[in-house]
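Please look over the sequence and the model below before reading on. The paragraphs after it go through the interior of the protein.

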Amino acid sequence: MSNAPTLRELSCADDYDPNSMPVPKAREVIARFLSPVTTVERLAVRAALGRILAQDLVSPVDVPSHDNSAMDGYALRFADLKADGKASLKIVGSAFAGAPYPGALKAGEAVRIMTGGVVPAGADTIVMQEHAEVQDANVIIGGGHRLGQNLRKAGEDLQRGQPALRRGQPLRPAEIGLIASLGIAEVPVYRRLRVAFFSTGDELVSIGSPLGEGQIYDSNRYTIHGMLTRLGCDVIDMGVVRDDPKLLEAAFREAAAVADVVITSGGVSVGEADFVKVLLNKLGEVVFWKIAMKPGRPLAYGKIGHAHFFGLPGNPVSVMVTFYQFVRDALLKLSGRDPIDPLPTFSVPCTSTLKKAPGRTEFQRGILSRDAAGRLSVRVTGEQGSGILRSMSEANCFIILPTEQGNVTPGTTVEVQVMEGVI
Ligand code: AMP
Ligand code: MG
């Protein structure tokens, strides 16, 4: 927290405009407030799936631990082969995976070896079985081989004492397997980030109750719960809070007392904006923004005590877009992830006509697909209203239209950002 800028410092910066913050600038300012969790816990390797490594993991062993064969064949001394012509070597034993040849290879000898078998002392080359012919107790091998071929050297994956994984690395199945391959049973990981969230709005009904006139079901708590769970957070669902200053203040206080991060939806759009702003100014400090983006223009960020606060808009699509574009990276940074991979983007032709006004970044929902010839292109999901959650369900990517961009005609190259696997 010591590096965090004060609001005074921020508001003195020339390009700080809390009423129309460009997307990259908003990300950068939020990032300056974030200090990762520091509490470390030790977990059994399987239980560490999805967690973030809290220290560099140094390899206690060479991987592989011995020189071993990459092929089924014969281990031999290269010097015994003839450059042009056949050599006959005596088969003196075998080296199977887990059952090494006990002796050392002498001149004129070969050992039958299987993939993963330890290369016997004295041998320096493996000849694959397809290039060898067995005659009684001997193996006949022609020319054209290379010293050291088909031999995996001890430590060629990883040397003892070298960092196998770095602090900040998320532990996915590949890392869990790598840790197991080093014989390590327990790993230090950061504690999970605790995130409390609630929905605001007098019109909201929780599922299970019938809808009255003018009421709608609260869906934001479900998308937020899903996105947080996928990010590996400890979630605290605080339900729906009515648009009542007393109830909201109590909810903010309770959330900030138990969580590292508080996320709300609704109540930050025009009309209600000042209300949240006043409350947050009372409870903490608020860096309150209108971001130059669509959807998701109103987005509040601030601190309540030690807790970070994200006030997301109410519209269901805006919630998901602002979560993807701002909250995700912030939560990853707070969780100790380092480095944070940006969501992958690339350029493809767009086959739809897109309406777009210059002056803000737009995140339209797109469907990326291949045509019969295997060429990738993107089309828009249809209606882009920020209340149409179906557009998020149909989409597999965002079409990111930069600030200065106007309408898009079919055939124009656009930037897309793939959604799946990220949250
Ligand atoms: P607000 O920002 O509170 O004015 O909300 C903007 C729009 O989003 C309104 O149409 C709300 O009814 C809708 N909305 C707000 N919260 C939710 C929610 N939790 N689930 C579904 N829709 C919501
Ligand atoms: Mg509302």
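What follows describes the nonpolar cores and then one helix.

This is a predicted model, in which local features need pLDDT of at least 70 and side-chain atom pairs count only at pLDDT 80 or more, while totals for chains, interfaces and linings use all residues. Residues are numbered from 1 along each chain as its sequence is written, and side-chain values use heavy atoms, with hydrogens and water left out.

A nonpolar core here is a set of buried Ala, Val, Leu, Ile, Met, Phe, Trp, Tyr and Cys residues joined through side-chain atoms within 4.5 Å. Buried means under 20% relative accessible area, exposed over 50%, and partly exposed in between (1.4 Å probe, protein chains only). The largest such core holds 48 residues, and Leu228, Ile263, Trp289, Ile291, Phe310 and Leu331 have the most contacts inside it. Helix 7, residues 316-335, supplies the largest share of this core, 12 residues. Apart from this core lies another, of 22 residues, including Val268, Val276, Ile304 and Ala307.

Helices are DSSP runs (H or I, at least four residues), numbered from the N terminus. Of the 20 residues of helix 7, 18 are buried, so helix 7 is largely enclosed by the rest of the structure. Helix 7 bends by about 45° at phenylalanine 323; the bend is the angle between axes fitted to the seven residues ending there and the seven starting there. Aspartate 329 also lies in helix 7 and is partly exposed, with a relative accessible area of 25%. Just after helix 7, glycine 336 takes a positive phi of about 100°.

Technical notes: Chains are lettered from A and ligands numbered from 1 in the order in which they are written. Helices (H or I, at least four residues) and strands (E, at least two) are DSSP runs, numbered from the N terminus.
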